[in-house]
Number of protein chains: 2
Amino acid sequence: MDNRPIGIFDSGLGGLTCVKEVMKIMPNEDIIYFGDTGRVPYGTRSRDTVIKYVKQDINFLETFDIKYIIIACGTASSAALPFIEEEYATRISGVLYPAARGAVRATKNKKIGVIGTSGTVKSGKYIEAIHELLPDAQVFQKACPLFVPLVENGMTEGEATRLIAEEYLKELRDAEVDTIILGCTHYPLLTDVIREIVGEGVALIDSGAAAADFAREDMERLGLLSDKNEKGTAKFFVSDSTENFSELGSMFLQKEIDGDVSFTDIEKY
Amino acid sequence: MDNRPIGIFDSGLGGLTCVKEVMKIMPNEDIIYFGDTGRVPYGTRSRDTVIKYVKQDINFLETFDIKYIIIACGTASSAALPFIEEEYATRISGVLYPAARGAVRATKNKKIGVIGTSGTVKSGKYIEAIHELLPDAQVFQKACPLFVPLVENGMTEGEATRLIAEEYLKELRDAEVDTIILGCTHYPLLTDVIREIVGEGVALIDSGAAAADFAREDMERLGLLSDKNEKGTAKFFVSDSTENFSELGSMFLQKEIDGDVSFTDIEKY
């Protein structure tokens, strides 16, 4: 057992959908969250830039005495994690393998859709991860670059959002996928809109929740779970003003933010 | 006269709408352009973060032997320029005063609309600038946070964009403004959609073009215009991959990008 905190980071606030799940399934764990709100979004940036940002994010989290890192960001997991995980002593997991595993378990017709940022789709890492688990799966990818701005501006419903989602999702619907990976941790907030377009019969895999489930198993295997009895604490750090964090953050966490929120100058790391 | 280049920067590629105008009205000037594509957008970030980024952008441009700087970014001009201009030896102008002047000249009913990013609207600087020139003007502001992502994703037309624009612009239309400042250099690409909603009778002030016009006058007054006869050259720098620059950039410039495109690590400055 290990009572040190878990570090979790994302390009912005989407990773809080993973924090929500961690709080649910590992309520006694302490959490240090970093949201790179000063440089969000990662999804439209080049791989080299994302790798640079991810290294700084990890360097920052490692200034705390953490036991485990969850990359709660689809873009960072797919564009950077495979290239950097061996550079760090701390165990790091992301959303990629957990979400792929969830999709492979859920699919019946072996037709899986993946939606994510341009960076995630371009990396092709979800296709690789699914094929390693289910070689004859057919994978259909679609980049949805406006979903992050829509969510970060609170537009999780309404006709314009529905039209943009319809445009993005029609190919997956026409391909008759029975499972879709929400490959970006912002997307669970668009579940209602997505569900309306693809129908009730399609399994939606929440990559942030899948990452939390996997981290729990992984930490248990490694003897890293806490044996504390009291409820864990959470500290939040962002790279832009802390001003809007509470309001937007509680939208993702689906409860009031309970914990300190501080600014950090991420470019120093 | 002065044959050194003009430095122009923006949070991303929107500033190229200003470059286009500079190339038209000062064809013999050399240009160094910096687009902070690794940290775009500025408009949703806090003032402190924008000020930090703007200082780095200016520090980078000053590594070249430039004679003048145009801040071709609504957010940077309104949130940062008033606070930093005295720190630099190079003469700096932005989009704020030039666009306000353009609006005051255009309005007949003294009802002026301003659209921009959240940062621009929150700063209130456009209201101040207009009132200094026309104290009894009525100014109606509206933040349009999705316009930059829509433009940067090529969605400058279509039903979803029209619906979002309708939502943003209906207050200004109802207020019967006869002039609207496009207070962000990305917005001229949405002119057709905006025009459709507000009607032909409303003057749209392109802040990037206004900034170029003002810079020309200012440089003439200061004896900074070039006396070269040959066509000026342009060098472009971005803080993310140069890969997509040519394609997206030519959308803003409305012609092929003719000039070197290089990466710079802006966080070093």
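Which strands of chain A does α9(A) lie across? In this predicted model, α9(A) lies across β5 (111-116), β6 and β7 of chain A, and its direction makes an angle of about 170° with that of β6(A).

The strands beneath this helix belong to an open sheet of four strands in chain A, ordered β6-β5-β7-β8 and paired in parallel. Its edges are formed by β6 (138-143) and β8 (203-206) of chain A, each of which pairs on one side only. From one strand to the next, the twist averages 20°. At the β8 side of the sheet, strand β7 (residues 179-182) of chain A runs parallel to β8(A) and is joined to it by four bridges. Within this pairing, A:Leu204 of β8(A) is the residue opposite A:Ile180.

A further helix, α11(A), lies across β7 and β8 of chain A and runs at about 60° to β8(A). Helix α11 (residues 207-221) of chain A also packs against helix α5 (residues 96-106) of chain A, with the two axes 8 Å apart and at an angle of about 105°. Angles of 65 to 115 degrees count as roughly perpendicular, and α5(A) and α11(A) are therefore roughly perpendicular to each other. On the α5(A) side, the contact is made by A:Tyr97, A:Pro98, A:Ala99 and A:Gly102; α11(A) contributes A:Ser207, A:Ala210, A:Ala211, A:Asp213 and A:Phe214. By residue class, the contact of α5(A) with α11(A) comprises six nonpolar residues, two polar and one charged.

Chain A also contains an open sheet of six strands, in the order β4-β3-β1-β2-β9-β10, again with parallel pairing. Here the edge strands are β4 (91-93) and β10 (260-263) of chain A, each pairing on one side only. Neighbouring strands of this six-stranded sheet are turned by 20° against each other on average, direction ignored. Inside the sheet, strand β2 (residues 31-35) and strand β9 (residues 234-238) of chain A pair in the parallel sense over five bridges. Two phenylalanines face each other across these strands, with A:Phe34 opposite A:Phe237 in β9(A).

The association of the two chains brings α9(A) back into view. At the interface, 18 residues of chain A are in contact with 18 residues of chain B. Both α2 (47-61) and α9 (159-174) of chain A supply at least two residues of the side of chain A that touches chain B. The largest share of that side, four residues, comes from α9(A). The chain A side divides into six nonpolar, five polar and seven charged residues.

In chain B, strand β1 (residues 6-10) merits attention. All five of its five residues are buried, so the strand is largely enclosed by the rest of the structure. Both of its faces are covered: B:Ile6, B:Ile8 and B:Asp10 are buried on one side, and B:Gly7 and B:Phe9 on the other. β1(B) pairs in the parallel sense with strand β2 (residues 31-35) of chain B over five bridges, and B:Gly7 stands opposite B:Ile32 in β2(B). Between these two strands the chain passes through helix α1 (residues 16-25) of chain B, in a β-α-β crossover that is right-handed. β1(B) also pairs in the parallel sense with strand β3 (residues 68-71) of chain B, over four bridges; there, B:Phe9 has B:Ile71 as its bridge partner.

A contrasting environment is found at B:Gly201, in the loop between α10 (191-198) and β8 (203-206) of chain B. This glycine, B:Gly201, counts as exposed because it has 8 C-beta neighbours inside 10 Å.

Definitions and conventions. Residues are numbered from 1 along each chain as its sequence is written. Chains are lettered from A and ligands numbered from 1 in the order in which they are written. This is a predicted model: local features need pLDDT of at least 70, side-chain atom pairs count only at pLDDT 80 or more; totals for chains, interfaces and linings use all residues. Two strands pair if DSSP finds at least two bridges between them. Axes are lines fitted to C-alpha atoms, for helices over the stretch in contact, and angles run from 0 to 180 degrees between N-to-C directions. Two residues are in contact if their C-beta atoms, placed from the backbone, lie within 7 Å. Ala, Val, Leu, Ile, Met, Phe, Trp, Tyr, Cys and Pro count as nonpolar, Asp, Glu, Lys and Arg as charged, and the others, Gly among them, as polar. A residue is buried if 20 or more other C-beta atoms lie within 10 Å of its own, exposed if 12 or fewer, and partly exposed in between; C-beta atoms are placed from the backbone. A crossover is right-handed if, with the strands pointing away from the viewer, the path from the first strand over the helix to the second runs clockwise. Angles under 35 degrees count as roughly parallel, over 145 as roughly antiparallel, 65 to 115 as roughly perpendicular and the rest as oblique.
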